[in-house]
Amino acid sequence: METTLRGVGVSHGVAIGEVRHMGAAVLEPPAKQIPAEEAEREQGRARQAVEAVAADLNARGNLAGGEAQHVLEAQAMMAQDPELIADVERRIAVGSTAERGVYDAFAAYRALLANAGEYLAGRVADLDDVRNRIVARLLGVPMPGVPDSDEPYVLIARDLAPADTALLDPALVLGFVTEEGGPTSHSAILARALGVPAVVALPGAGEIAEGTVVAVDGSTGEIFVEPSPEKRAEMESASAARKAALSAVTGPGATSDGHKVPLLANVGGPADVPAAVEAGAEGVGLFRTEFLFLDDSKQAPSEEKQIAAYRAVLEAFPEGRVVVRVLDAGADKPLEFLTPADEPNPALGVRGLRSLLDHPDVLRTQLTALARAAEGLPVYLEVMAPMVADRADAKAFADACREAGLQAKFGAMVEIPSAALRARSILQEVEFLSLGTNDLAQYTFAADRQVGAVSRLQDPWQPALLDLVALSADAARAEGKSCGVCGEAASDPLLACVLTGLGVTSLSMGAASIPYVRATLAKHTLAQCERAASAARAADSAEDARLAAQAVLSGE
């Protein structure tokens, strides 16, 4: 009998197939004591396992490329964290086996992350995956992972680690459903990059029996268990119509009455550029430069290394717009040479622009590298600062850009509610705003973006979040300046129409989402988008806001 479940749709498309479940988690190793003379050998085993797992994660990243590579390289660095390894060796020295030492050391670090709030707690799933891989290697058992199957299937898991998501084969994994996670989790971002339909934050998904046929709608978040022939036909027809609409609409982003809405791509470096170009991105709306710095957490990359990476991206968009975010370090992206080691709550501490202003040499080198990388290129370079709180922050950043001789527009990211509330003041110092809706939601609702239990508060359809977007867009309009969105909210085609109606002037997203957003915008006038935005803001919940906007845009 057909039943309907609802989670959070995070990657567009429809998948219909039999359920396969992710392998079970690694068992906890026994807590037995070893003789003192075996400690050195066990420490060696632990170090070898750590290095092997780090090498495997890096290899998976190299194979996957793009966004996935950056995520997996960050996981490899987590495995090799010197403090964690030192803790493992201390535990072995007092009698633990290698596998138990790893398990307990990671458990202690996990507790610290889980209680750190915001970003850091969101790294718990990644940490668990690293621990499981090391323990499995030490125990000599296979690492639980994506099931083997000769036939395509829908994957169900409690959560998916980046290392699993990155190498999913879209020819076999039709879509996936997880019990945990949120719309801005690593797995959700990677699912969009792969073009695999996905639904997250669906409690009880693990109870769906192996082999059960399900239909997954990655746009609405609906799961139909044992769908009727009529439902299957309806979803397959809708999916075919959606694909036809995507291929029929090309060119720059615009509403049906010609209101231009540039559609830009979010990239982490040169490896992400080909997909952006193929999707028809009109430029880059968010170049996350921190991935270049994460290659070596002990020191900043040289000016020459930075120039080469920046120029590779800038050259890909001649006469296009490329918006570069300067280093956003801290919280879940700590760097030894930059990030304080003893902050009680790093997500609310010295991160983003605050770190750079405390280390002006790092900021100066990056800005100088950007200036040199853009020399002689017909590109429209724009540079923005992360985590701007007020006008003083914006002025400090703009002054640093001018001192570095940067010939570009200077902007500020709106990720803190204070920046949205005082956007017009900030625009006295900079030339554009860019809304990072992931962090803006996180700080507005005190809801960690990685925790499934609070995913409803991370929903970008929350009316309070739309109010802050509207405040920022209104301020930019009043000052005759631009206000874009570069958070994951822009990748939702329906929400993209609402953001346009709120006055947002450009949308930036993962490359895979661009065709969906382009096709949806092209079906509606600016006036319809504005009415949908008003209807969404008048609602009292994210779900009601989505339904209200959908009703307006569908003509109901």
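1. Two strands are said to pair if DSSP finds at least two bridges between them. In this predicted model, the term applies to strand 4 (residues 153–157) and strand 5 (residues 173–178), which pair in the parallel sense over 5 bridges. One of the residues involved is tyrosine 153, whose bridge partner in strand 5 is valine 173.

2. A wider view of the strands follows. An open sheet is built from 8 strands in the order 1-8-7-3-4-5-6-2, and its pairing is mixed. Strand 1 (3–6) and strand 2 (8–11) are the edge strands, each pairing on one side only. On average, neighbouring strands of this sheet are turned by 30 degrees against each other, direction ignored. As general background, strands of a sheet pair through backbone hydrogen bonds, either parallel or antiparallel.

3. A helix should be considered together with this sheet. Helix 9 (residues 229–248) lies across strand 3 (14–21), strand 7 (213–217) and strand 8 (222–225). The helix runs at about 120 degrees to strand 3.

4. The next point concerns aromatic rings. A pair of aromatic rings is described by the distance of the centres and the angle of the planes. The count here comes to 1 aromatic pair. The ring centres of phenylalanine 287 and tyrosine 310 are 5.9 Å apart and the ring planes stand at 85 degrees, so the pair is edge-to-face; planes over 60 degrees apart count as such. The pair links distant parts of the chain, as phenylalanine 287 belongs to strand 10 (residues 283–288) and tyrosine 310 to helix 12 (residues 303–315), 23 residues apart. Are these two residues, phenylalanine 287 and tyrosine 310, buried or exposed? Both are buried.

5. Strand 13 (residues 409–414) merits separate attention. Of its 6 residues, 5 are buried, and the strand is therefore largely enclosed by the rest of the structure. Strand 13 pairs in the parallel sense with strand 12 (residues 380–385) over 4 bridges, and also in the parallel sense with strand 14 (residues 432–435) over 4 bridges. Glycine 411 in strand 13 stands opposite methionine 384, and glycine 411 also stands opposite phenylalanine 432 in strand 14.

6. The connection between two of these strands may also be described. Strand 12, helix 15 (residues 391–403) and strand 13 together form a β-α-β unit, which is right-handed.

7. Finally, phenylalanine 432 has a further neighbour to report. Arginine 321 lies over the face of phenylalanine 432, at 6.0 Å from the ring centre. Phenylalanine 432 is thus named twice in this note: opposite glycine 411 and beneath arginine 321.

Definitions and conventions
Residues are numbered from 1 along each chain as its sequence is written. This is a predicted model: local features need pLDDT of at least 70, side-chain atom pairs count only at pLDDT 80 or more; totals for chains, interfaces and linings use all residues. Side-chain values use heavy atoms; hydrogens and water are left out. Helices (H or I, at least four residues) and strands (E, at least two) are DSSP runs, numbered from the N terminus. Axes are lines fitted to C-alpha atoms, for helices over the stretch in contact, and angles run from 0 to 180 degrees between N-to-C directions. Contact means heavy atoms within 4.5 Å. Rings of Phe, Tyr and Trp (its six-membered ring) pair if their centres lie within 6.5 Å; planes under 30 degrees apart count as stacked, over 60 as edge-to-face and the rest as tilted. Buried means under 20% relative accessible area, exposed over 50%, partly exposed in between (1.4 Å probe, protein chains only). A charge sits over a ring if NZ of Lys or CZ of Arg is within 6 Å of the ring centre and within 35 degrees of the ring normal. A crossover is right-handed if, with the strands pointing away from the viewer, the path from the first strand over the helix to the second runs clockwise.
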